[in-house]
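Could you walk me through this structure in my viewer, one selection after another? I would like to know what to pick next and what is there.

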Amino acid sequence: ENTPNELIQQWSPPHKKILTSAKGKENEENAFVLARRPRKRRESSAGLCLDSLPDELLLGILSRLSLQDLLRTSRVCKHWHCLAFDESLWHSVDLVGKAQLDAELGQVLSAGALRLRCPHTCIVQSSFKSAQKLRVQHLDLSNCTVETSVLEDILSRCKHLQNLSLEGLVLSDSIIHSLAQNTEIVRLNLCGCSGFSPESLAEMLKSCTRIEEMNVSWCDFNNLHVQAIANNTPSSISHLNISGYRQNLTMEDVKAVVKRCLNLTNLDLSDSVLVTTDSFPVLQQLSSLRHLALSRCYQIHPAALIDFEKFLNLQTLEVFGLIQDSYLPILCKGLPHIQINTQPFSTVARPTSASRKDRTLWGMHCRLVPRFILLQF
């Protein structure tokens, strides 16, 4: 009913010739005509057709749909397909639980997603149809199974990242160079990563001067990597986790970090056996320090922990592995203003805290959340 009249006339079959009959004398004066009576246009019983609504109103309707319903809607017609993949509808997507992503990942990112959460997923390929840059700002690919080349293809298109988690992935110098192009990044989680050089790490830290939270714990680092962190971490940082470096993190590195990052409020130096009680006066220079982790720093004697009474602003202290459970009440009584051994896992720069059961992404919710993990683009 919305087809233009010109096309109707063009596609309609040719009109039949008008037949007249005048046989017989009785019909000579009253000739009759054979013709088809035109059909009356049916009025829509449901009111206005959806296609007659403006796109802005249709987008408002589609924004109320779930991920599955939105994908089903995209298969109605070309017009609805364009509307269903409008970037305003794909600003935040949660694909947690999707076992494998093929072309879907490239399509979601190309649709204009600003926030994407898909940890623990097998990413086979990115399948981008063009060389366009991506709009994504918050990206969680933690512990995904993905080839380094595929990851390079994804991150080389990102220029506006603000929060990024690549925990547990094998990276490359090319990937670190791509991260250096994202100068607006605020939170960076590289926990357990490997595959890149100290030089590329230093270059990235010099470029990303707005980082506030960084987790580089338990990476496949040597002492040169640790020195690159200690000497190039931006002064804007407030949360830093550099735990897990055993004999690679020295007291000189700790001094360098404290000298550069006087605004630290959360510092994790756990599992560094070269950190001793000599670090206490150095750490005391951090007047804003609220949370400190020294778990399994075995060179620190348990009796020396009472010195933290001098840290008037310190709120939590993690010293797992340094004291026995029987001694913990005594230490808590000696440090009444400090909560001791309350957080066994670090939350620095991680997209979702282990203690939270919601599906937030650095405190932000994703609009499109699949109820049944079945994507058909």
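Start by selecting Asn341, which sits in the segment after β16 (339–340). Keep in mind as you go that this is a predicted model. What is phi of Asn341 near? The value is near 55 degrees, which is positive in a residue other than glycine. That deserves a second look because most residues other than glycine have a negative phi.

**A second positive phi**

Now move to Arg246, in the loop between β12 (239–241) and α10. Here too phi is positive in a residue other than glycine, with a value near 45 degrees. Is Arg246 buried, partly exposed or exposed? Its relative accessibility is 41%, so Arg246 counts as partly exposed; that class lies between the cut-offs of 20% and 50%.

**Along the helices**

From that loop, step onto helix α10 itself, residues 251–260. Select helix α9 along with α10 and look at how they pack: their axes are 7 Å apart, at an angle of about 25 degrees. Angles under 35 degrees count as roughly parallel, and α9 and α10 are therefore roughly parallel to each other. If you turn the view to look through the pair, you are looking at a left-handed crossing of α9 past α10.

Keep α9 (residues 223–232) selected and add helix α8 (residues 198–207). Their axes come within 9 Å and cross at roughly 15 degrees, so α8 and α9 are also roughly parallel to each other. Which hand does the crossing of α8 and α9 have? This one is right-handed, whereas α9 passes α10 in a left-handed crossing.

**Into the next loop**

Next, select Asn263, in the loop between α10 and β13 (266–268). With a relative accessibility of 48%, Asn263 counts as partly exposed. Add Ser235 to the selection and show the C-alpha atoms: the two residues are 28 apart along the chain, and their C-alpha atoms are separated by 7.3 Å.

**A nonpolar patch to finish**

For the last stop, show the surface and select Leu50, Leu57 and Ile61. Together they make a nonpolar surface patch of about 250 Å². Where is Ile61 found? Switch to the cartoon and you will find Ile61 in helix α2 (residues 55–62). Its relative accessibility is 40%, so Ile61 counts as partly exposed.

Notes:
Residues are numbered from 1 along each chain as its sequence is written. This is a predicted model: local features need pLDDT of at least 70, side-chain atom pairs count only at pLDDT 80 or more; totals for chains, interfaces and linings use all residues. Side-chain values use heavy atoms; hydrogens and water are left out. Patches are made of residues with over 30% relative accessible area and no salt bridge: like charges are joined within 9 Å, nonpolar side chains (Val, Leu, Ile, Met, Phe, Trp, Tyr) within 5 Å. Accessible areas come from the Shrake-Rupley method with a 1.4 Å probe; for residues, only the protein chains shown count as cover. A salt bridge is a side-chain nitrogen of Lys or Arg within 4 Å of a carboxyl oxygen of Asp or Glu. Helices (H or I, at least four residues) and strands (E, at least two) are DSSP runs, numbered from the N terminus. Buried means under 20% relative accessible area, exposed over 50%, partly exposed in between (1.4 Å probe, protein chains only). Axes are lines fitted to C-alpha atoms, for helices over the stretch in contact, and angles run from 0 to 180 degrees between N-to-C directions. Angles under 35 degrees count as roughly parallel, over 145 as roughly antiparallel, 65 to 115 as roughly perpendicular and the rest as oblique. A crossing is left-handed if the near helix is turned anticlockwise from the far one by less than a right angle, and right-handed if clockwise.
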